[in-house]
Amino acid sequence: MDHRPRFHFSAPRHWLNDPNGIVWWRGRWHLHYQHNPHAARWGDIHWGHASSDDLLHWHDEPIALAPSAGADEDGCFSGSIAIVDGRPLACYTGLRGGAQSQCFAVGDDDLRQWTKEPGRTIAEPPEGVAREDFRDPWIFRAGGWWYLAVGASAGQARGQVLLYRSADARDWHYRHPLFTAPTLSHGVMWECPNFFPLGERWVLTVSVWPRLGAHWFVGRFDDERFVPETEGVLDPDGGAFAHLAAPAPDGRMLQWAWIDEQRDASAVEADGWAGALSVPHELSLDTCGRLLRRPAAEIARLREAPADLRPADPASALQAPPLAGAPLVSAGAGTTHVFSGRCLDLEVEFRLRDRRPCGLVLAASPDGAEQTRIVFLPEARRLLIERARSSTDPAASRQNVWIFHERDEAEPLRLRVLLDHSVLEVQADERSSLSTRLYPARPDSVHGRVFADGPAQVSARGWTMRTALPGRVAGAQAPANA
Ligand code: FRU
């Protein structure tokens with residue numbers, strides 16, 4: 001089975017992890033990503049590069065940053081890009097031995113040549129931070145200064161973001177922690193901090209090592225310290241990780257994340273490619289100061305044709321034969337709509353009249369032996385993706401992913417679902433996100449239905465999606481990286 005996504009970005013071949021340094025520069029989007037150009041497994045990390053003029057269709061570019069003798073000789077880890085004095089400046093973590101330092105490179109007009117600037121390197125972490133817990137610089141501007149926010153672990157006990165300041169983005173001075181994990185449940189080591197203004201507030205996002213999920217905080221930037229006011233889970237369980245934000249020229253703040261493979265390493269390597277990025281999401285705040293995310297408006301341009309979402313005959317749907325395998329969290333009774341496809345954009349709205357579960361079944365075989373379910377459990381206030389039967393392939397993970405979803409019961413529940421072959425992104429009320437991978441083994445695992453176990457008014461719309469990255473589809477020649 002071909003599990004390559006059609007409109008989510010993946011590397012032309014081999015390994016991809018975090019998005020890095022996404023920037024709009026001279027009329028084009030430039031996307032960089034953690035990349036092993038030699039194998040579909042993590043290691044020998046470079047910065048891969050692709051560019052686009054519409055956020056949808058990506059053109060593969062030569063590798064941007066490669067390890068070389070010096071501070072980054074064992075890897076060019078994650079980082080960010082800003083335009084400093086009219087030139088793109090890449091800030092990234094260099095790896096040498098186990099030690100991490102913050103490195104800098106200046107880009108040319110097409111971002112095809114980068115000149116490393118060893119003179120700017122921040123070689124040592126501040127006291128109390130280990131050299132292996134010092135990575136992922138995020139560059140930002142405030143109050144006439146350049147700042148770097150760097151991911152760290154305070155005393156190998158609490159996630160922390162370190163703050164550096166510079167007048168010229170050349171000569172950096174450590175100030176103090178921008179923010180430290182308030183509780184152990186926020187994580188011991190924070191990777192990929194992003195810190196940016198949104199409306200009247202500042203947003204901090206961090207990812208918890210080892211791949212435990214990501215948090216958002218919204219608050220103020222006061223006296224060079226972050227003071228949070230609201231917080232939440234950005235993505236649980238490491239389903240989407242290493243989120244990276246980038247301002248669009250029209251003022252929107254966009255955000256991408258890495259969606260890792262969820263099957264045995266041998267199965268991944270045999271396919272020759274690994275890892276996908278989320279679609280870009282637009283960020284905003286609600287009136288309570290909570291972070292909202294929705295797929296960027298551009299994604300709708302890939303809608304090809306209405307998905308054939310047919311209202312189901314409730315009587316016949318209720319008589320559907322019981323499904324094989326382990327019991328599922330909800331009966332999945334009360335089918336309201338049926339559809340089919342493996343490359344879909346769906347919008348479903350439930351007005352529930354009781355607290356029984358509702359949701360969608362996707363990528364199901366006609367006998368139900370393979371199926372993935374998105375279920376909302378109103379009593380438990382949980383949204384979950386149930387993968388117990390996602391695939392008959394033993395190499396595929398069966399672990400469920402879930403997130404608490406608090407909601408006003410007077411309001412309808414709105415689900416947005418992007419299914420792109422093995423990539424699944426779900427958002428509830430633009431507030432709670434789940435991302436995961438599924439690998440159905442059967443070619444007839446294309447069926448879907450919308451259900452509500454109890455009485456509910458359900459409306460559903462959907463579209464089949466166009467392929468934005470035709471070169472990635474099986475059979476097409478993958479372009480070689482330079
Ligand atoms: C996050 C991360 C970063 C690091 C990079 C290495 O997934 O571990 O902290 O810079 O990946 O590839």
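Strand β29 (residues 382-386) is largely enclosed by the rest of the structure, because 4 of its 5 residues are buried (under 20% relative accessible area, where over 50% is exposed and anything in between is partly exposed, with a 1.4 Å probe and protein chains only). Strands here are DSSP runs of E with at least two residues, numbered from the N terminus, and helices are runs of H or I with at least four. The model is a predicted one, in which local features need pLDDT of at least 70 and side-chain atom pairs count only at pLDDT 80 or more, while totals for chains, interfaces and linings use all residues. Residues are numbered from 1 along each chain as its sequence is written, and side-chain values use heavy atoms, with hydrogens and water left out.

What are the partners of β29? On one hand there is strand β28 (residues 372-377), which pairs with β29 in the antiparallel sense over 5 bridges; two strands count as paired if DSSP finds at least two bridges between them. Within this pairing, arginine 373 has glutamate 386 of β29 as its bridge partner. The hairpin of β28 and β29 has 4 residues between the strands, and arginine 381 takes a positive phi near 55° there. β29 also pairs with strand β30 (residues 401-404), again antiparallel, over 4 bridges. In that pairing, leucine 383 is matched with isoleucine 403 in β30.

Another part of the model holds an open sheet of 4 strands, in the order β5-β6-β7-β8 and with antiparallel pairing. Why is one side of β5 (75-84) and of β8 (114-116) left without a neighbour in the sheet? These two strands stand at the edges, and each has a single partner strand, so nothing in the sheet flanks the other side. From one strand to the next, the twist averages 30°, an angle taken between N-to-C directions on a scale from 0 to 180 degrees, with axes as lines fitted to C-alpha atoms (for helices, over the stretch in contact). Strand β7 (residues 99-107) pairs with β8 in the antiparallel sense over 3 bridges, and glycine 107 stands opposite tryptophan 114 in β8.

Turning to the ligand, the residues around it are Asn17, Asp18, Gln34, Trp42, Phe77, Ser78, Arg135, Asp136, Glu191, Phe241 and Trp258, each with a heavy atom within 4 Å. By class, this shell has 4 nonpolar, 3 polar and 4 charged residues. Polar side-chain atoms come within 2.8 Å of a ligand oxygen atom at aspartate 18 and within 2.9 Å at arginine 135. For glutamate 191, a side-chain N or O atom is 2.9 Å from an oxygen atom of the ligand. On its own the ligand has 320 Å² of accessible area, and the protein covers 94% of this. The elements giving two or more residues to the shell are β1 (14-25), β5 and β9 (134-142).

Finally, a few backbone details are worth a look. Most residues other than glycine have a negative phi, and most peptide bonds are trans. The peptide bond from tryptophan 209 to proline 210 is cis, with omega near 0°, and proline 210 sits in the loop between β14 (201-209) and β15 (213-222). Histidine 14, in strand β1, has a positive phi near 70° and is buried, with a relative accessible area of 18%. Arginine 26 has a positive phi of about 50°; this residue is in the loop between β1 and β2 (28-36) and is exposed, with a relative accessible area of 56%.

Conventions: A polar contact is a pair of N or O atoms within 3.5 Å; within protein, one must be able to donate a hydrogen and the other to accept it, and residues adjacent in sequence count only if both atoms are side-chain atoms. Accessible areas come from the Shrake-Rupley method with a 1.4 Å probe; for residues, only the protein chains shown count as cover. Ala, Val, Leu, Ile, Met, Phe, Trp, Tyr, Cys and Pro count as nonpolar, Asp, Glu, Lys and Arg as charged, and the others, Gly among them, as polar.
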